[in-house]
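Here are some friendly notes to read alongside the structure. Take them one at a time, and keep the 3D view open as you go.

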Amino acid sequence: MDAIVLQILNGLDKGGAYALIALGLTLTFGTLGVVNFAHGALFMLGAFCAVSFNKLISLEQVILDATQKTAWGTALEVRTPYVEVWLGDVGTALLNYSVPLSILFTIPVMLIFGVIMERGLIKHFYNRPHADQILVTFGLAIVLQEIIKHYFGANPIPQVAPDIVAGSANIGLWIGLGDSVVYPWWRLVYFAFSAIVIFGVFAFLQFTTFGMVVRAGMRDREMVSLLGINIERRFTIIFGLAAIVAGMAGAMYTPILPPDYHMGMDFLVLSFVVVVVGGMGSLGGAVAAGFLLGVLQSFASMNEIKSIIPGIDQIIIYLVAVVILLTLPRGLMGRKGVMED
Amino acid sequence: MFGTSSRADWLLLIAFSAFVLAAPVILKPFGAAYPDLLQKFAIYGIFAIGFNILFGLTGYLSFGHAAFLGVGSYASVWMFKLFTMNVIPAVLFSIVIAGLFALMIGFVSLRRSGIYFSILTLAFAQMSYNLAYSVLTPITNGETGLQVRQLVPADRAADYVFVLRDEDLRWVDQALGVVEEGIPITNLFGMKMSGYPGFYFCAVLLIICFFIAMRISRSNFGMVLKAIKSNQNRLSYTGVNTRPYLLTAFVISGMYAGLAGALLAVTDPLAGAERMQWTASGEVVLMTILGGAGTLLGPVLGAGIIKYFENIFSSINDTVLENVFSFLPTTLQDMSVAVTGMFVGEGWHLTLGLMFMIIVIFLPGGLMQGLTHLLGSFKRKFSNTAASTDSPG
């Protein structure tokens with residue numbers, strides 16, 4: 001029982017990341033009808049927003065202190081980050097909370113990037129075949145990841161979660177399962193965060209006029225345009241929103257997985273599988289499939305399961321995708337007529 | 001199955017063969033005339049031609065073709081390890097194995113079309129890749145990669161049946177009493193398959209592959225494939241069951257990939273799982289698109305261009321750049337080196353990505369389409385002037 005709960009928990013944070021990326025992908029399919037292979041790169045960009053934010057606020061002031069000597073007899077270099085010099089304890093706290101705070105930096109960056117990408121590139125591919133869309137966004141993904149590699153190097157750059165959530169939560173005790181069920185706080189935070197973002201996006205689409213128009217546009221774009229609504233502009237904003245969601249997912253994921261330039265590609269392949277399993281064009285399906293596959297993956301990496309079917313942890317997601325696609329042609333909750341040409 | 005080829009096709013084939021066979025001379029001015037690179041041109045040309053039979057003719061975008069390449073490589077290296085360093089059995093065995101593999105994957109994947117098909121092939125390729133790294137290590141030798149080793153002494157051969165060790169069996173070679181010195185080199189009945197002989201072996205196979213692809217494209221079978229691309233529904237309504245045609249195309253194209261994988265192993269007897277990664281699948285898609293999907297020459301052209309630029313660009317380093325820009329003032333020189341340095345050497349993939357985007361944005365039909373347009377406009381211009389001079393009012 002303990003082991004099962006633990007595996008479910010383990011799957012939740014990864015599932016959260018899958019769900020957030022898949023949500024953005026589905027929004028893009030549903031609204032613009034574009035297959036965006038660069039979406040994983042947006043996730044990676046978000047992660048590197050967190051990295052650059054951290055670099056930015058930890059810029060250091062270097063003072064040569066003549067009173068103290070190093071072992072070599074030269075003046076000791078005292079390095080203090082500027083934020084600490086200027087803000088004192090608040091600055092220290094800022095540094096400590098750099099990952100969650102980087103979201104504030106990520107959102108505008110990703111919004112601007114998303115809008116530029118949509119207006120500059122994706123717009124011209126609305127009426128092109130899906131193969132062309134896949135290819136041009138694939139090219140863009142390569143370009144983005146190579147630029148990141150050029151500036152940040154090929155090695156993963158670890159980020160730390162705030163001290164307050166550094167340890168592990170003894171979840172077992174809360175729900176009466178004994179203290180073997182422990183779970184890192186940050187992953188719990190990540191799960192909560194992804195849940196909030198997902199609910200936020202759904203609420204936005206469900207309860208605002210803007211969201212209503214967008215949903216109507218997803219159903220029948222032509223009709224909405226005929227009603228005199230500039231649906232294209234709204235779709236651009238939705239693309240920006242998808243970019244923001246992917247970016248935030250990436251930024252918050254940095255303490256769990258040190259970001260490197262190809263993390264986007266790794267997640268992209270999986271997220272596409274998630275989207276397809278969930279059903280093309282279904283937001284609920286994308287989220288459900290994200291969590292489902294995350295949890296399944298963590299179950300498959302249990303030693304007990306691996307000893308029965310060796311290697312299952314490596315292929316479980318793809319295997320599930322194959323089975324679902326062959327038995328349920330539209331995935332778990334796919335709508336009729338989406339991407340079936 | 002094969003229709004008759006027109007005279008233009010024969011001319012094309014002859015011109016193509018002449019170009020390929022004379023490549024060491026023709027490509028000399030471009031600095032590409034050394035065997036390793038020429039072999040790569042031919043091998044990836046075969047890979048791209050095969051991919052084009054599926055993607056170019058039927059429009060089914062497979063994102064997992066590298067899996068067949070990888071399987072072909074492994075199959076060949078195992079033939080080298082177990083039986084003989086002669087390349088013929090290895091090549092044949094690889095084609096058969098890759099074909100069977102493609103039959104299995106195609107049978108399942110072709111139940112869906114469009115992006116679902118792409119995802120299914122991607123899923124299978126990723127599964128093969130992941131398994132090759134983990135559970136299948138006894139067959140694939142994991143991250144180290146499968147290599148050809150020295151011959152095991154005859155007295156200890158009995159302990160070794162089908163097990164991955166530091167020494168190889170090569171039963172046939174042993175039975176024939178072939179003497180090996182050091183790490184063995186692949187051969188074709190005694191002719192060593194490295195350097196130019198290796199290239200010519202690949203080149204001859206490339207020409208044969210090109211010929212087969214041409215005949216397929218001109219045959220009734222090819223017509224059905226093209227019909228699938230233009231409108232599969234209508235074809236189904238007229239009572240044609242498209243699945244067997246698609247599956248045949250998929251298997252043929254898988255066999256091409258297997259052959260390419262085998263040739264990679266022939267020219268360098270080493271097989272690693274990274275050949276099966278999905279970026280490798282993306283590369284062959286790029287080659288085909290760049291040259292022009294659905295055209296005969298396009299894929300070979302695309303493969304050649306990409307492998308050429310990969311070779312040229314990734315070999316340029318900062319020192320070379322500094323020499324190139326040495327005529328500029330120091331600050332400008334540093335800036336130019338910094339900017340261009342992003343695109344060469346390690347950053348060659350950036351150039352690749354940009355090239356990819358530019359081609360898809362501006363030239364969706366690939367280079368061949370561009371050439372055809374160019375030739376067409378020349379012709380039109382020429383015939384216009386001819387017409388205006390011929391007809392006096």
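1. How many buried residues are there among the 7 residues of strand β2 (residues 75–81) of chain A? The count is 0, and β2(A) is hardly covered. Keep in mind from the start that you are looking at a predicted model.

2. Now find the partner of β2(A). Strand β1 (residues 60–69) of chain A is joined to β2(A) by 7 bridges, and the two strands run antiparallel. As one place to look, A:Glu60 stands opposite A:Pro81 in β2(A). Like its partner, β1(A) is hardly covered, with a count of 0 buried residues among its 10 residues. The hairpin of β1(A) and β2(A) has 5 residues between the strands, and A:Gly73 takes a positive phi near 85° there.

3. Next, step back to chain A as a whole. Chain A contains 15 helices and 4 strands. Of its 341 residues, 47% are buried. The C-alpha trace of chain A spans about 75 × 50 × 35 Å along its principal axes. Why can its radius of gyration be said to agree with that of a compact globule? For 341 residues a compact globule would have a value near 20 Å, and chain A has 22 Å, which agrees. Contacts in chain A also reach across the sequence: among those with a separation of 6 or more, 75% are between residues 24 or more positions apart.

4. For a single residue to study, try A:Ser298, which lies in helix α13 (residues 283–300) of chain A. Is A:Ser298 buried or exposed? A:Ser298 counts as buried because it has 21 C-beta neighbours inside 10 Å, and the cut-off for a buried residue is 20 or more. Setting aside neighbours within four places in sequence, A:Ser298 is in contact with A:Gln7, A:Asn10, A:Gly11 and A:Lys14. You can also check a distance here: the C-alpha atoms of A:Ser298 and A:Ile316 are 9.7 Å from each other, while the two residues are 18 apart along the chain.

5. Chain B deserves the same tour. Chain B has 17 helices and 6 strands, and 43% of its 393 residues count as buried. Its C-alpha trace spans about 95 × 70 × 40 Å along the principal axes. A compact globule with 393 residues would have a radius of gyration near 21 Å, and the 23 Å of chain B agrees with this. Among contacts in chain B between residues at least 6 apart in sequence, 75% join residues at least 24 apart.

6. Where do the two chains meet? 33 residues of chain B are in contact with 33 residues of chain A. On the chain B side, the elements that give two or more residues are α6 (114–133), α12 (278–291) and α16 (348–362) of chain B. Which of them gives the most? That is α6(B), with 11 residues. By class, this side of chain B has 23 nonpolar, 8 polar and 2 charged residues.

7. Look inside as well. The largest nonpolar core has 213 residues, and those that touch the most other members are A:Leu23, A:Val273, A:Ala321, B:Ile46, B:Phe47 and B:Ala260. Take B:Ile46 and leave aside its neighbours within four places in sequence: B:Ile46 is then in contact with B:Leu205, B:Leu206, B:Cys209, B:Tyr256, B:Leu259, B:Ala260 and B:Leu263.

8. Finally, a word on confidence. The model scores ipTM 0.77 and pTM 0.84. Chain A has a mean pLDDT of 83, with 97% of its residues at 70 or more, and chain B has a mean of 84, with 93% of its residues at 70 or more. Among the elements of chain A, helix α7 (residues 171–174) has the lowest mean pLDDT (72) and helix α5 (residues 98–120) the highest (91). Among those of chain B, strand β3 (residues 167–168) has the lowest mean (74) and helix α11 (residues 242–267) the highest (94).

How values were computed. Residues are numbered from 1 along each chain as its sequence is written. Chains are lettered from A and ligands numbered from 1 in the order in which they are written. This is a predicted model: local features need pLDDT of at least 70, side-chain atom pairs count only at pLDDT 80 or more; totals for chains, interfaces and linings use all residues. Two residues are in contact if their C-beta atoms, placed from the backbone, lie within 7 Å. Ala, Val, Leu, Ile, Met, Phe, Trp, Tyr, Cys and Pro count as nonpolar, Asp, Glu, Lys and Arg as charged, and the others, Gly among them, as polar. The radius of gyration is taken over C-alpha atoms; the globule rule is 2.2 Å times the number of residues to the power 0.38. A residue is buried if 20 or more other C-beta atoms lie within 10 Å of its own, exposed if 12 or fewer, and partly exposed in between; C-beta atoms are placed from the backbone. Two strands pair if DSSP finds at least two bridges between them. pLDDT is the predictor's confidence in each residue, from 0 to 100. A nonpolar core is a set of buried Ala, Val, Leu, Ile, Met, Phe, Trp, Tyr and Cys residues joined through C-beta atoms within 7 Å.
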